[in-house]
Structures are given as C-alpha cells and as structure tokens.
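Biologist: I would like to learn how to read a model with ligands in it. Could we go through it feature by feature?

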Amino acid sequence: MTYYNLESGDMIGIVGGGQLGKMMAQSAQKMGFKVAILDPDENCPAQFVAHEFINADYSNEKALNQLGNISKVVTYEFENIDAQQLETLSNKYNIPQGSETVALLQDRLTEKQTLESAHVNIVPFLEVKQSQDLDEAIETIGFPFIIKTRFGGYDGKGQLVIRSNDDLDEARELIADTPCVVEKYLPLYKEVSITATRDIYDQTVYFPLQENEHRDQILYKTIVPARLDFEEQAINEVEKIMSKVHFIGIFTVEFFVTDDYKLFVNEIAPRPHNSGHYSIEACDYSQFDTHILAVAGWHLPEKINLLQPAIMMNLLGQDVSNLKHEFYKHPDWHVHIYGKKINKVNRKMGHITKLSTDLDKDEQQFNQTFEGRN
Ligand code: ADP
Ligand code: MG
C-alpha cells in the first residue's frame, strides 16, 4: 500500500456522520484539513461541521466514489461499513486503514477466532447457527450464557442473557433471524479498555487504562486513570492482538475483569470509542487527534500525557431531558451535546467530562446527579 502525507487544506473523507464523525471532523479542522462526510441521515450531527456533505446510503457506490474523488484520504467512524465495498474503494483511493481489519472485526465470530489465534485470554464461545447448537452451548458452556448476533450489534443491541431453559425460546428466535455466537456470561467486577493509535511509520501510542461501568449493556461512565492495576497486562494483550491484526489509526480493546480478578479480552473497535472521549479535555492529544494524525500520514507523539484524572459520563436521551437545566451551572462539567435531532431513551445524545482532583468523591456525586435516570 502507498501511504501519503496530507498537507493542511487537503480533504479528509469520513464515512459516517454520527458523533464520532463529528468529533473526528473537529480535530481535523483544528489542524487545517477540510472534511467531507457521507451519511444516509440528512440530520446527522457531523454535517454541521463539514465542508462537504454527501447524503447517501453507506452502500451507494456512486456516493462512495464521489467521497473518494474529493478526498485525499478516506476513513470511517464505525466498523459496520460494507467490507467488500471498502476493499473495492481501497484499490482506487487512499484508505490507509484498508478493508481487512474491518472485515475481520465486524463479525464477532471471526473477531473471536482472531483473538484465539493471538493467544489472548478470551471468554469461552461457540458459534450457533441453528437451535440445536444451543444444546451444545448448554452442555459445554452452561447457564448463564449470553447470545450475540455476529453482525451489527452495538450498545448491547442484538444480545440476550440466557439464564435458564425458560429463556431459550427467545434465543431460538434470535438464531432463526441471524447467525450468532454464544459466550459464557461472566460475573464482572469491572470493565476496562485501552485505546491505542498506530501511525504509518509503525509507531503505536497508548492512552491510559480506562475504567468503564456499563448499565443495561451501555457505557455509563469512564474513569481515568483506572483504579485497577491492569495497564501492563492489558497493553501486553493489545500487543499480541497487533501481531495478528493490521491497524492504522485509532482502535480500542475492551476487557472484562471478573470477580476473581482475571482479565479477559471482550472485543475490539477499529474506530474512536466512547470510553476514549475523556481524552478531549484530559490528555494532550485526544483520540480523534491521534486518529487524524495517523490517517493523514503525520507522525504521532511518542507518548500521550494524561493532564488530569477525569470522569466521563454519557448523556443518554433521558439524562439530557433530566439535566439540561443544570448544564449552565456547571462549567466544570465540559458538556458535549452531539446535536442529534431526535432524543430517545438510551440513545447517546452527548457526554460530560469532569477533570477531577478526587475521583471517588466526584464519582459519588455524579451517581447521585444521574440517579433516577431510567
Ligand atoms: P457491544 O458493545 O458491541 O454492544 P459487548 O460484547 O461489548 O457488545 O457487550 C456490551 C456489554 O454487555 C459489555 O460491555 C458488558 O457490560 C456486557 N457483556 C457482554 N458480554 C458479556 C459477558 N460474556 N459476560 C458479562 N457481561 C457481558
Ligand atoms: Mg462493547
């Protein structure tokens, strides 16, 4: 693959115009790049911070070519882009991330098989194609287990926790609909993640270990630095993964920490990640900055510095409704609102980052502030 170094004023094309595309665009513009967004939603947040907006389906070949033609480099904000189309495009345009990584990671089965071949610690899993396969899952994995669709899931969508025979009908319905994987449902003590960026000069930088709390399978808060001593072990696992997967740009590896203090790799996101949003205020480079540097063919800094510990709280639809009259009172909250037209329960509408001198105290306060949100 030929890589290019962009100059300021060059156009960066982004497939996807959600909040991740928007924040990517804002970083790019800070450095003097222009931005073109492709998104099927005419109200998507990123178009308002873009120089060009192509309002078309992700699978619209003409539109993808239009994006490629006007851009010096093309990147994406989400991994569910059609890998086949991305491959065709990457033969014509400069797409440093390529298409193989997306193809591998957008399917939970090949993702898990790749992790297995990298010899990282993962949760026991099984492919399930038909309802008979559930018998094998009950026998080899046992209750409780979680069933996940192979494709297209996010924020816990396309997942069911199966605790006993009573839940099996639901699982059968899901399998009849789409191919799935089953994995052991673990008792979690905490979740953590590591965000990393690799440039075209083979340099990788790591953000600090992120401590994540999920509620209803959606990220609720991130605390940095994580109050668990797993950073070295997590980076070690990421390095093993990098020996099997080719990354350029930003990616995040999610981990589970079980009650017995063992670290398991959960999944990989080859794009900016919700648990990295704190980096906008709390680090000297944000995850969006490092991604743009990498895809633009610029050098990455040797190290990312955490300027201050931080808490990031997600603002779901119900949180914005409850708290919007509070925002103006709290300059220390660093409020981000993505600008989505429709506010829905459990939809990610924004986030708050608070730089902290006392994480435990601020965490408690945020828990109280967000209480009764559901
Ligand atoms: P996605 O983030 O793509 O929706 P994940 O596989 O990361 O899918 O699952 C979302 C959340 O559901 C996880 O962060 C975790 O809180 C919970 N979860 C997923 N798999 C398991 C598991 N095997 N055991 C316990 N909790 C799980
Ligand atoms: Mg996840």
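The dialogue below takes up the metal site, the other ligand, the nonpolar cores and one threonine.

Modeller: Keep in mind that this is a predicted model.

Biologist: Which protein atoms are the donors of the magnesium ion (ligand 2)?

Modeller: A metal site is read by listing donor atoms within a cut-off, here 2.8 Å, and water is not among the atoms, so a site may look incomplete. For the magnesium ion, Glu-254 is listed with two OE donors and Glu-267 with one OE donor. These protein donors lie 2.0 to 2.7 Å from the ion.

Biologist: Where do Glu-254 and Glu-267 lie among the strands?

Modeller: Glu-254 is in strand β13 (residues 249–258), and Glu-267 is in strand β14 (residues 263–269). The pair therefore ties together parts that are 13 residues apart in sequence.

Biologist: Is Glu-254 buried or exposed?

Modeller: The cut-off for buried is under 20% relative accessible area. Glu-254 has 13% relative accessibility, so it counts as buried.

Biologist: Next, which residues are the closest to ligand 1?

Modeller: Start with the surrounding residues, then look at polar atom pairs. Ligand 1 is surrounded by 20 residues, and the closest are Lys-148, Gly-156, Glu-183, Lys-184 and Glu-191. A polar side-chain atom of Lys-148 is 2.6 Å from an oxygen atom of the ligand. Asp-155 places a polar backbone atom 2.9 Å from a ligand oxygen, while for Gln-159 a side-chain N or O atom is 2.9 Å from an oxygen atom of ligand 1.

Biologist: How many residues does the largest nonpolar core have, and which have the most contacts inside it?

Modeller: The largest core has 35 residues, and those with the most contacts inside it are Ile-12, Ile-14, Phe-33, Val-35, Ile-37, Tyr-278 and Ile-292. Elements giving two or more residues include β1 (11–15), β2 (34–39) and α10 (287–295). The largest share, five residues, is from α1. Domain 1 (11–97) and domain 3 (188–369) each supply at least three residues to this core.

Biologist: What does Tyr-278 touch?

Modeller: Beyond four places in sequence, its contacts include Phe-207, Pro-208, Val-224, Leu-306 and Met-312. There is also a second, separate core of 30 residues, with Leu-109, Phe-230, Val-245 and Phe-255 among them.

Biologist: Finally, how do I read a single residue such as Thr-114, and in which helix is its place?

Modeller: Take its element, burial and partners in turn. Thr-114 sits in helix α5 (residues 108–117) and is buried, with a relative accessible area of 12%. A polar side-chain atom of Thr-114 is 2.6 Å from the backbone oxygen of Thr-110. Apart from neighbours within four places in sequence, Thr-114 contacts Leu-104, Lys-244 and Val-245.

Conventions. Residues are numbered from 1 along each chain as its sequence is written. Chains are lettered from A and ligands numbered from 1 in the order in which they are written. This is a predicted model: local features need pLDDT of at least 70, side-chain atom pairs count only at pLDDT 80 or more; totals for chains, interfaces and linings use all residues. Side-chain values use heavy atoms; hydrogens and water are left out. Donors are N, O and S atoms within 2.8 Å of the metal (3.2 Å for Na, K and Ca); water is not among the atoms, so sites may look incomplete. Helices (H or I, at least four residues) and strands (E, at least two) are DSSP runs, numbered from the N terminus. Buried means under 20% relative accessible area, exposed over 50%, partly exposed in between (1.4 Å probe, protein chains only). A nonpolar core is a set of buried Ala, Val, Leu, Ile, Met, Phe, Trp, Tyr and Cys residues joined through side-chain atoms within 4.5 Å. Domain bounds come from an automatic or database domain assignment. Contact means heavy atoms within 4.5 Å. A residue is near a molecule or strand if one of its heavy atoms lies within 4 Å of it. A polar contact is a pair of N or O atoms within 3.5 Å; within protein, one must be able to donate a hydrogen and the other to accept it, and residues adjacent in sequence count only if both atoms are side-chain atoms.
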